[in-house]
Amino acid sequence: SLSSPAPCVNPVLNTSTPALEGVTFTSPSLNFTATMTGVENTSQILFKHNGNIISGFYFNPSTGSMSKSLTLSPGSNTIDLSATNDCGNFSKNYSFTYSVSAPPVINITNPGGGSATVTNSNFIVSGNIQNINSSADISILYYGATFSGFIYTASTKMLSIPVILNAGSNSIQITATNSVGTDVENLSITYNEPAASTITICHH
């Protein structure tokens with residue numbers, strides 16, 4: 001007898017954690033997990049956070065479980081999860097909030113104490129900034145003009161500002177802002193040019 005083809009199974013979302021809809025979170029880190037049936041591979045899944053397609057999530061076809069660590073944006077957040085196969089699809093939308101509970105905190109480790117006197121024109125301001133999302137939350141003024149050549153790594157909170165100093169006093173202002181408040185740090189770095197070496201030629 002001919003074996004009948006396997007029945008077509010619609011994709012179904014079984015569970016998801018944590019509870020999201022209408023929830024307010026106070027930490028920016030969220031580990032989203034879900035289980036589903038009727039889904040065989042990641043190409044059948046569309047996963048979005050705040051409208052951006054998220055790839056690189058974990059998916060186990062044998063158990064139908066997926067997971068992904070996300071960094072939330074201050075204020076409203078959305079997650080859209082859908083899956084499609086030859087039989088049909090499901091789509092689930094979540095809306096929730098990340099409430100930033102504390103203003104930014106700027107901690108500069110170089111120059112220590114906010115000022116330094118150096119004899120090398122190449123200088124790297126370094127430190128860390130807490131309670132912000134990305135470099136977009138940072139404004140840096142060098143000699144009163146916006147300076148964009150800095151590096152902020154959100155995962156480690158580390159800030160690095162490589163500058164080429166002018167002779168004399170150099171002023172750098174760092175401002176960090178989130179939905180709760182602002183922190184400002186003013187730095188002063190004095191560059192003393194090395195004295196030019198002189199060569200004396202003796203004529204006999």
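Which side chains along strand 4 point to one face and are buried, and which point to the other and are not? The points below take up this question and then turn to other parts of the model, which is a predicted one.

1. Strand 4. In a regular strand the side chains alternate between the two faces of the sheet. Strand 4 shows this alternation: I45, F47 and H49 point to one face and are buried, whereas L46 and K48 point to the other face and are not buried. The strand itself covers residues 45-49.

2. Partners of strand 4. On one side, five bridges connect strand 4 with strand 8 in the antiparallel sense. Within this pairing, I45 has A83 as its bridge partner, and L46 stands opposite S82. Strand 4 is also joined to strand 5, again antiparallel, by two bridges, and here H49 stands opposite N52. Strands 4 and 5 make a hairpin with two residues between them, and N50 in the turn has a positive phi of about 55°.

3. The five-stranded sheet. These strands belong to an open sheet of five strands, with the order 2-9-8-4-5 and mixed pairing. Its edges are strand 2 and strand 5, each of which pairs on one side only.

4. Strand 3 and its neighbours. Strand 3 spans residues 29-37; L30, F32, A34 and M36 make up its covered face, while S29, N31, T33, T35 and T37 make up the uncovered one. Strand 1 (residues 12-17) runs antiparallel to strand 3 and is joined to it by five bridges; T17 is paired with T33 in this ladder. Strand 7 (residues 65-71) is likewise antiparallel to strand 3, with seven bridges between the two. F32, from the covered face of strand 3, stands opposite K68 in strand 7.

5. A buried loop residue. L20 lies in the loop between strand 1 and strand 2. Is L20 buried or exposed? L20 has a relative accessible area of 2%, and because buried means under 20%, L20 counts as buried. Apart from neighbours within four places in sequence, the residues in contact with L20 are F25, L30, F32, I79, Y94, S95 and F96. Two of these contacts, L30 and F32, come from the covered face of strand 3. L20 and L72 are 52 residues apart in sequence, and their C-alpha atoms are 12 Å apart in space.

6. The disulfide. How many disulfides does a search of the whole structure find? The search finds one, formed by C8 and C87 with their sulfur atoms 1.2 Å apart. The pair links distant parts of the chain, 79 residues apart: C8 is in the segment before strand 1, and C87 is in the loop between strand 8 and strand 9. The link is left-handed, with -80° about the S-S bond. The two cysteines fall in separate accessibility classes: C8 counts as exposed at 57% relative accessibility, and C87 as partly exposed at 26%.

7. The largest pocket. Rolling a probe the size of a water molecule over the atoms shows where empty space is left. The largest pocket holds about 330 Å³ of space. It is lined by 21 residues, and those closest to its centre are P28, Y98, I132, N133 and K157. Sorted by class, the lining contains seven nonpolar, twelve polar and two charged residues.

Methods
Residues numbered from 1 in each chain as written. Predicted model: local features only at pLDDT ≥ 70, side-chain atom pairs only at ≥ 80, totals over all residues. Heavy atoms only, no water. 1 Å grid on protein atoms, 1.4 Å probe; cavity = no way out; pocket = protein on both sides within 12 Å on 5 of 7 lines; lining within 4 Å. Points joined across faces, edges and corners; volume = space filled by probe spheres on them. Nonpolar A, V, L, I, M, F, W, Y, C, P; charged D, E, K, R; others polar. Buried < 20%, exposed > 50% of the residue type's maximum accessible area, 1.4 Å probe, protein only. Helix = DSSP H or I, 4+ residues; strand = E, 2+ residues; numbered from the N terminus. Pairing = 2+ DSSP bridges. Contact = heavy atoms within 4.5 Å. Disulfide = S-S within 2.5 Å.
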